[in-house]
Amino acid sequence: MRHAALARAAAWMLVLLMGGVLQGCSTLGAKTAGDRVDPWEKWNRRVFVFNERLDENVLKPIAVGYSNVVPRPVRSGVDNFFGNAADAWSAINNFLQGKISNGLHDVIRFGTNTVFGLGGFLDVATEFGLDHQYEDFGQTLGTWGFGPGAYVVWPLFGPSSVRESLALPLDRSVSPALAINDGAVKWELTTLQIVNTRANLLGASKVLDDIALDKYTFIRDAYLQRRRSLVYDGEDGPPPKNEPKPKGDEAPPADAKPPAQAASAPSPAASAPAAPAPAASAPDEASKPPAK
């Protein structure tokens with residue numbers, strides 16, 4: 001079983017690497033920014049339609065029934081359980097990115113919820129001020145300098161990019177379901193995670209259906225912008241290098257001479273008539289002796 005799983009992961013990595021090479025070739029002749037971001041738009045739209053139909057006919061009805069039957073506290077416990085495993089993976093990625101303090105934060109959070117939160121079903125750490133950080137391997141690759149590459153839509157998994165697709169096997173391997181050898185339990189946990197996640201997105205999907213004129217474009221742009229923000233910790237991008245200063249902000253050199261107009265124009269103090277200075281040497285009238 002273990003060797004088979006490794007073989008499947010290696011096959012996935014090979015396919016995705018080939019996709020990255022093809023993406024690089026396909027963008028050489030791109031003429032617009034849209035072509036570079038989404039060179040496989042026709043194929044992506046077909047997969048997007050497939051995912052939409054699968055969601056409408058299968059996932060969404062199950063998620064609606066699940067949210068109606070399962071109480072909200074129980075669903076929160078399921079969220080916490082899967083989120084606890086994500087915290088452990090986040091700690092590893094923080095260390096890989098050189099964020100030692102954040103990595104220790106995740107380690108403490110994972111240990112607290114595992115020990116005092118009944119294996120992660122209770123989010124005790126948040127009550128102590130230890131919030132989620134959620135760093136994945138895609139963000140780690142971005143921190144290491146890997147660009148996102150072309151946008152791609154995967155069946156069932158949804159929106160992604162070449163970089164996030166390369167990280168997908170590792171990010172998915174940390175799911176509690178994949179750590180269990182029992183096949184039946186593994187599929188049950190995987191199904192529970194998918195349905196619970198879809199149930200949490202019911203409200204967002206309804207709003208998206210109401211406001212988006214082109215749902216595909218809206219989701220693509222929102223996904224790429226969010227991933228960019230996550231990689232650079234809320235910033236729009238990496239800090240620019242050797243960026244020229246604006247002209248108005250440049251300080252004049254120390255030996256610079258004043259402009260000619262400023263030099264030739266008389267200052268108000270210079271042009272005003274000088275006030276007569278008091279005669280310090282003249283004796284005060286009051287101090288003169290009376291005339292004899």
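A residue is called buried here when its relative accessible area is under 20%, and exposed when that value is over 50%. By this rule, every residue of strand E1 (residues 151-154) is buried in this predicted model. Tyr151 and Val153 point to one side of the strand, whereas Val152 and Trp154 point to the other. This arrangement can be read against a familiar pattern: in a regular strand the side chains alternate between the two faces of the sheet.

Strand E1 has a partner in strand E2 (residues 158-161), and the two run antiparallel, joined by four bridges. One of the residues involved is Tyr151, whose bridge partner in E2 is Ser161. The two strands form a hairpin with three residues between them. Leu156 lies in this loop and has a positive phi of about 70 degrees, even though it is not a glycine. For the reader less used to backbone angles, most residues other than glycine have a negative phi. Leu156 has a relative accessible area of 48%, so it counts as partly exposed.

Taken as a whole, the protein holds 13 helices and two strands. Buried residues account for 28% of its 292 residues. Among contacts with a separation of 6 or more, 62% join residues 24 or more positions apart. The protein exposes about 19700 Å², and 65% of this area comes from carbon and sulfur atoms.

Helix H4 offers a good view of how the helices meet. Its 25 residues should span 36 Å at 1.5 Å a residue, and the end C-alpha atoms are 35 Å apart, so the two values agree. Just after H4 comes Gly98, with a positive phi of about 85 degrees. Two packed helices are described by the angle between their axes and the distance between the axes. For H4 and helix H9 (residues 183-200), the angle is about 120 degrees and the axes are 10 Å apart. The crossing of H4 past H9 is left-handed. On the H4 side, the contact is made by Arg72, Arg75, Val78, Asp79 and Phe82, and on the H9 side by Leu189, Leu192, Gln193, Asn196 and Asn200.

Phe82, a residue of H4, deserves a closer look. Its relative accessible area is 11%, so Phe82 is buried. Beyond its neighbours within four places in sequence, Phe82 is in contact with Pro176, Leu189, Leu192 and Gln193. The C-alpha atom of Phe82 is also 9.7 Å from that of Val174, although these two residues are 92 residues apart along the chain.

Helix H5 (residues 100-116) comes next in this account. With 17 residues at 1.5 Å each, the expected span is 24 Å; the end C-alpha atoms are 24 Å apart, so expectation and model agree. The buried residues of H5 are Gly103, Asp106, Arg109, Thr112 and Asn113. Their spacing may be read with helix geometry in mind: an α-helix has 3.6 residues a turn, so residues three or four places apart point the same way. The cover over the buried residues of H5 includes helix H4 (72-96) and helix H6 (124-127).

After H5, the loop leading to H6 contains Leu118. The phi of Leu118 is positive, near 55 degrees, in a residue other than glycine. With a relative accessible area of 61%, Leu118 is therefore exposed.

Notes. Residues are numbered from 1 along each chain as its sequence is written. This is a predicted model: local features need pLDDT of at least 70, side-chain atom pairs count only at pLDDT 80 or more; totals for chains, interfaces and linings use all residues. Side-chain values use heavy atoms; hydrogens and water are left out. The expected span of a helix is 1.5 Å times one less than its number of residues. Buried means under 20% relative accessible area, exposed over 50%, partly exposed in between (1.4 Å probe, protein chains only). Contact means heavy atoms within 4.5 Å. Accessible areas come from the Shrake-Rupley method with a 1.4 Å probe; for residues, only the protein chains shown count as cover. Two strands pair if DSSP finds at least two bridges between them. Axes are lines fitted to C-alpha atoms, for helices over the stretch in contact, and angles run from 0 to 180 degrees between N-to-C directions. A crossing is left-handed if the near helix is turned anticlockwise from the far one by less than a right angle, and right-handed if clockwise.
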